[in-house]
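Subject: Structure handover

Hi there,

Here is the structure I promised to pass on to you. Please have a look at it first, and then read on for my notes.

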Amino acid sequence: RIVVLGSLNMDIVLRVPHAPDAGETLQGRSITNVPGGKGGNQAVGCARQGARVQLVGCVGDDAHGRALRDALAGDGIDTAAVRVVPDAPTGTALVMVDDAAQNRIVVIAGANAQLEIDEAALATQLAGAAFLVTQFETPLAQVGRALQVAQRSACKVMLNPSPMQPVDDAWWPLIDTLVVNEVEARMLAGLPADTPTEAAAAGQALRARGVARVVVTLGAQGAVAVDATGARHHGAPVVKAVDTTAAGDTFLGALAVALGSGNGFDAAVGLGIRAAALCVTQPGAQPSIPQRDAVLRHTSP
Ligand code: ADP
């Protein structure tokens, strides 16, 4: 069982020939509502790998909030701890995708900004859970409280500090597995992380702050796994990437489930890479997250 605490967004995806300039009115090609948000995506990433998942988050009392909860429940996710807040809209990401496949995204936090930890309820959820998985798309003070509750509940924490914000020094020893992309690795470590060799050094610098394990994801270059025994680079399979939305979240979900079910660190990173490679071949956030069977069918790199 995995507890995911985080953001829930409806992604409103507009396909446009090009991004409109100031003052320009443009005919778009299409509009689609796609369930997203890092918390929701990571929960789906875990659930589609076969884990039991409890989600802690907030939506507004509106159609998007109901659609998100229905979609998550459709993946078998326990949404009892998804609170409906009366006075804020469901989190929304307005995603404009042009004909060159470039994204321009505006996020409105909405209900996500009202997430507040119920420490007793969270402690009950975390007792006996394999991981608390969380990110930085909900208020940082609440993330910090959740990490403390996890420590008191002897539940391991997998943190994805995304979107990038500085990590409180007191938090490092509370993190079991830190998952960062190249940008987050560079900002947090203060070191370049563009190549596997650089990412290994940046990951080792982050691990030295008190984290047990670090993964630096490197897009098409795969990922670097860092633990007490050293740093290892794992390449990604070559795929036709159409949309990398939710690739990191897919990776994280598969990694958490694999570690939680007793796989070694490198085997778990390998599963994360295979799941994420399938994700980038499909458009959108949650619809692009693969099921376990598809990942297992996919040959390893
Ligand atoms: P984020 O999307 O969070 O910035 P990355 O771009 O590093 O993170 O992608 C996360 C993971 O998704 C990578 O470690 C890799 O396994 C997979 N991935 C991303 N882009 C590609 C790609 N073009 N080909 C294959 N795998 C990819």
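Below is what I found, going from the whole chain down to single residues.

Please keep in mind that this is a predicted model.

**The chain as a whole**

The chain is built from nine helices and 13 strands. Its radius of gyration is 18 Å, close to the 19 Å that the globule rule gives for 301 residues, so the chain is as compact as a globular protein of that length. The C-alpha trace spans about 55 × 45 × 40 Å along the principal axes. Of the 301 residues, 50% are buried. If you take the contacts with a separation of 6 or more, 68% of them are between residues 24 or more positions apart.

**The core**

In soluble globular proteins, nonpolar side chains tend to be buried together. Here the largest nonpolar core has 93 residues, and the members that touch the most others are Ile2, Cys46, Leu132, Val216, Leu255 and Ala256. The top contributor to this core is helix H8 (residues 265–279), with ten residues. Leu255 is a good place to start looking: apart from its neighbours within four places in sequence, Leu255 is in contact with Val179, Val215, Ala268, Val269 and Gly272.

**Strands**

Strand S2 (residues 9–15) has two partners that you may like to trace. With strand S3 (residues 30–36), S2 runs antiparallel and is joined by seven bridges; Asn9 has Gly36 as its bridge partner there. With strand S6 (residues 91–97), S2 pairs in the parallel sense, again over seven bridges, and Met10 stands opposite Thr92.

Further along, strand S12 (residues 223–227) also pairs with two strands. Four antiparallel bridges join S12 to strand S11 (residues 213–217), with Thr217 opposite Ala223. These two strands form a hairpin with five residues between them, and Gly219 in the turn has a positive phi of about 60°. Five bridges join S12 to S13, also in the antiparallel sense, and Val224 stands opposite His233. S12 and S13 form a hairpin as well, with two residues between them. Four of the five residues of S12 are buried, so this strand is largely enclosed by the rest of the structure.

**Around the ligand**

Which residues come nearest to the ligand? Among the 18 residues around the ligand, they are Asn181, Thr217, Ala247, Gly248 and Ala276. You will recognise Thr217 from the pairing with Ala223. Helix H7 (247–260) and H8 each supply at least two residues of this shell. By type, the shell has twelve nonpolar residues, six polar ones and no charged ones.

**Backbone points to check**

A few spots deserve a look on your screen. Ser162 and Pro163 are joined by a cis peptide bond, with omega about -5°; Pro163 sits in the loop between strand S9 (156–160) and strand S10 (177–181).

Two alanines have a positive phi. For Ala154 the value is about 55°, and this residue is in the loop between helix H4 (140–152) and S9. For Ala246 phi is near 75°, and this residue lies in the loop between strand S13 (230–234) and H7. Are these two buried or exposed? Ala154 has 10 other C-beta atoms within 10 Å, and 12 or fewer counts as exposed, so Ala154 is exposed. Ala246 has 30 other C-beta atoms within 10 Å, and 20 or more counts as buried, so Ala246 is buried.

**Two more buried residues**

Leu147 is in helix H4 and is buried, with 22 other C-beta atoms within 10 Å. Leaving out its neighbours within four places in sequence, Leu147 is in contact with Val157, Trp171 and Leu174. Its C-alpha atom is separated by 15 Å from that of Gly39, 108 residues away along the chain.

His64 belongs to helix H2 (residues 63–74) and is buried, with 22 other C-beta atoms within 10 Å. Not counting residues up to four places away in sequence, His64 touches Met10, Thr90 and Thr92; Met10 and Thr92 are the pair that stand opposite each other in S2 and S6. From His64 to Val215 the C-alpha distance is 33 Å, with their positions 151 residues apart in sequence.

Best wishes, and happy browsing!

Definitions and conventions: Residues numbered from 1 in each chain as written. Predicted model: local features only at pLDDT ≥ 70, side-chain atom pairs only at ≥ 80, totals over all residues. Core = buried A, V, L, I, M, F, W, Y, C linked by C-beta atoms within 7 Å. Contact = placed C-beta atoms within 7 Å. Pairing = 2+ DSSP bridges. Rg over C-alpha atoms; globule rule 2.2 N^0.38 Å. Near = placed C-beta within 6 Å. Nonpolar A, V, L, I, M, F, W, Y, C, P; charged D, E, K, R; others polar.
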